[in-house]
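Colleague: I've just opened this one and I'm new to it. Could you walk me through it and tell me how you back up the words you use?

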Amino acid sequence: YAKQRGKNRVERYQARYDELLRRRGTLESELRHAIDREQLRLVFQPVVALPSMRPVGAEALLRWHHPTLGAVRPDEFIPVAEESGLINRIGSWVLDNACKQLADWLSKGHDVWVSVNLSPKELHAADYAGQVADVLAEHGVPAQRLVLEVTEHAVATDMEELIGRLTELRTTGVRIALDDFGAGYSSLSQLRTLPVDILKIDRLLVAEPESRTGEAAPLVDVVVRLGHRLGLEVLAEGIGTPAQRSAVEEAGCRLGQGSLFGWGVPAEHLEAQLDGLRTGTRPVPQPRNEP
Ligand code: C2E
Ligand code: MG
Ligand code: MG
Ligand code: MG
């Protein structure tokens with residue numbers, strides 16, 4: 001019996017593994033056509049100043065809508081794009097479209113910046129900095145209006161190489177944000193040596209006060225102060241409740257992002273909100289269409 005049970009378990013495992021491989025293969029071959037078939041789009045999640053909650057920027061987040069697979073989340077398809085080498089083409093599409101949107105907002109007089117997520121592979125592509133400079137020039141976007149986000153995962157690789165790449169990127173005038181800080185990989189000493197401008201505190205740290213009712217958020221507090229001491233701007237990600245917002249504000253954090261202020265939305269929704277601000281009317285409530 002034991003032998004039979006063991007065999008069943010192995011078979012189940014094998015079946016699950018086969019299924020994962022099939023899904024991955026499907027995603028890869030479909031992703032290959034996603035740009036040409038116009039299945040990709042960007043949504044923009046507002047970044048607000050604290051405590052005013054006034055939108056000052058937006059993070060471009062990629063969405064893939066496939067006719068039969070439905071909405072596939074970036075956490076699933078970005079790794080596939082990275083492993084299959086498709087990420088460079090997709091990343092170029094993202095950068096181009098984000099800059100196009102940014103140029104449009106700037107031309108309408110909105111005082112905002114836009115951030116774009118970068119995969120380590122893109123960062124390490126030959127002359128990535130040159131590509132960024134070209135896209136900025138093509139759309140007539142001042143470099144300081146663009147933020148490039150690199151994750152802690154990129155930091156886990158060769159530090160010397162990474163520092164060189166980021167330094168080169170920064171000479172174009174763009175700002176660099178270190179994404180998901182505190183979620184795992186990078187160490188405090190690395191933070192000191194990395195040429196970055198903005199520190200994005202991961203939402204796991206931001207969610208911490210909820211589990212310790214009444215107390216100040218000690219980790220957020222320390223990271224905000226550390227960031228400021230290093231001369232960085234600090235942005236708290238994934239703020240979902242008023243309590244989290246208060247904790248982050250009390251820690252001295254001046255930038256925030258999260259469902260409390262709005263999920264990622266199509267550009268025209270965010271634009272309506274920006275228009276509302278300018279005319280002094282109340283911000284337009286955003287449709288809660290995510291996650
Ligand atoms: P990220 O850059 O850390 O982006 C933040 C993620 O948290 C987004 O998920 C966003 O929708 C979600 N989020 C925002 N506020 C809240 C909140 O209050 N609560 C919770 N629970 N979640 C919140 P999304 O869009 O699914 O993206 C996941 C990750 O995929 C991103 O994490 C980023 O690493 C990657 N990604 C997204 N777009 C791109 C892209 O264009 N290029 C690359 N290379 N990676 C991308
Ligand atoms: Mg990000
Ligand atoms: Mg993040
Ligand atoms: Mg992330």
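Modeller: Sure, let's go through the metal sites, some residues and the helix packing, keeping in mind that this is a predicted model.

Colleague: Let's start with the metals. What makes E59, N117, E149 and D179 the residues that coordinate the magnesium ion (ligand 2)?

Modeller: Distance does it. A donor atom has to be within 2.8 Å of the metal, and the atoms here, OE of E59, OD1 of N117, OE of E149 and OD of D179, sit at 2.0 to 2.2 Å. Therefore they count as donors. Along the chain, their spacing reads E-x57-N-x31-E-x29-D.

Colleague: Which parts of the chain do E59 and N117 tie together?

Modeller: E59 is in strand β2 and N117 is in strand β4 (residues 113-117), so the pair links parts that are 58 residues apart in sequence.

Colleague: Why is E59 called buried or exposed, whichever it is?

Modeller: Buried means under 20% relative accessible area, and E59 has 4%, so E59 is buried. N117 has 29%. That falls between the 20% and 50% cut-offs, so N117 is partly exposed.

Colleague: And the magnesium ion (ligand 3): what coordinates it?

Modeller: D179 and D180 each give an OD, and E237 is listed twice with OE, at 2.1 to 2.4 Å. The cut-off is again 2.8 Å, so these atoms qualify as donors. The spacing here is D-D-x56-E. D180 lies in strand β6 (residues 175-181) and E237 in the loop between β8 (233-236) and α12 (242-250), so that pair ties together parts 57 residues apart in sequence.

Colleague: What makes D179 a bridge?

Modeller: D179 coordinates both magnesium ions, ligand 3 and ligand 2, which are 3.9 Å apart.

Colleague: How do you know whether D180 and E237 are buried or partly exposed?

Modeller: Check them against the 20% limit. D180 has 22% relative accessibility, so D180 counts as partly exposed. E237 has 12%, so E237 counts as buried.

Colleague: What does T151 touch, leaving out residues up to four places away in sequence?

Modeller: T151 touches L178, D179 and D180. T151 itself lies in strand β5 (residues 146-151). Its relative accessible area is 16%, and the limit for buried is 20%, so T151 is buried.

Colleague: Why is A71 called buried or exposed, whichever it is?

Modeller: Exposed takes over 50%, and A71 has 60%, so A71 is exposed. A71 is in strand β3 (residues 70-72). Apart from neighbours within four places in sequence, A71 is in contact with W64 and H65.

Colleague: Now the helices. Why are α5 and α7 described as roughly parallel?

Modeller: Helix α5 (residues 128-139) and helix α7 (residues 159-170) pack at about 20 degrees, with axes 9 Å apart. Angles under 35 degrees count as roughly parallel, so α5 is roughly parallel to α7. Their crossing is right-handed. Y128, A129 and V132 of α5 meet R165, E168 and L169 of α7. By class, that contact has four nonpolar, no polar and two charged residues.

Colleague: How do α3 and α5 cross?

Modeller: The axes of α3 (residues 87-107) and α5 come within 9 Å, crossing at roughly 30 degrees. This crossing is right-handed. On the α3 side the contact residues include S92, L95 and D96, and on the α5 side they include Y128, Q131 and V132. The contact divides into seven nonpolar, three polar and three charged residues.

Colleague: Last topic, the backbone. What is notable about phi of E38?

Modeller: Phi of E38 is near 55 degrees, a positive value in a residue that is not glycine. E38 sits in the loop between α1 (2-34) and β1. With 70% relative accessibility against a cut-off of over 50%, E38 counts as exposed. D127 also has a positive phi, about 50 degrees, without being a glycine. D127 is in the loop between α4 (120-123) and α5.

Colleague: And which peptide bond is cis?

Modeller: The peptide bond from L50 to P51, with omega near 5 degrees. P51 is in the loop between β1 (40-49) and β2 (55-66).

Conventions: Residues are numbered from 1 along each chain as its sequence is written. Chains are lettered from A and ligands numbered from 1 in the order in which they are written. This is a predicted model: local features need pLDDT of at least 70, side-chain atom pairs count only at pLDDT 80 or more; totals for chains, interfaces and linings use all residues. Side-chain values use heavy atoms; hydrogens and water are left out. Helices (H or I, at least four residues) and strands (E, at least two) are DSSP runs, numbered from the N terminus. Buried means under 20% relative accessible area, exposed over 50%, partly exposed in between (1.4 Å probe, protein chains only). Contact means heavy atoms within 4.5 Å. Donors are N, O and S atoms within 2.8 Å of the metal (3.2 Å for Na, K and Ca); water is not among the atoms, so sites may look incomplete. Axes are lines fitted to C-alpha atoms, for helices over the stretch in contact, and angles run from 0 to 180 degrees between N-to-C directions. Angles under 35 degrees count as roughly parallel, over 145 as roughly antiparallel, 65 to 115 as roughly perpendicular and the rest as oblique. A crossing is left-handed if the near helix is turned anticlockwise from the far one by less than a right angle, and right-handed if clockwise. Ala, Val, Leu, Ile, Met, Phe, Trp, Tyr, Cys and Pro count as nonpolar, Asp, Glu, Lys and Arg as charged, and the others, Gly among them, as polar.
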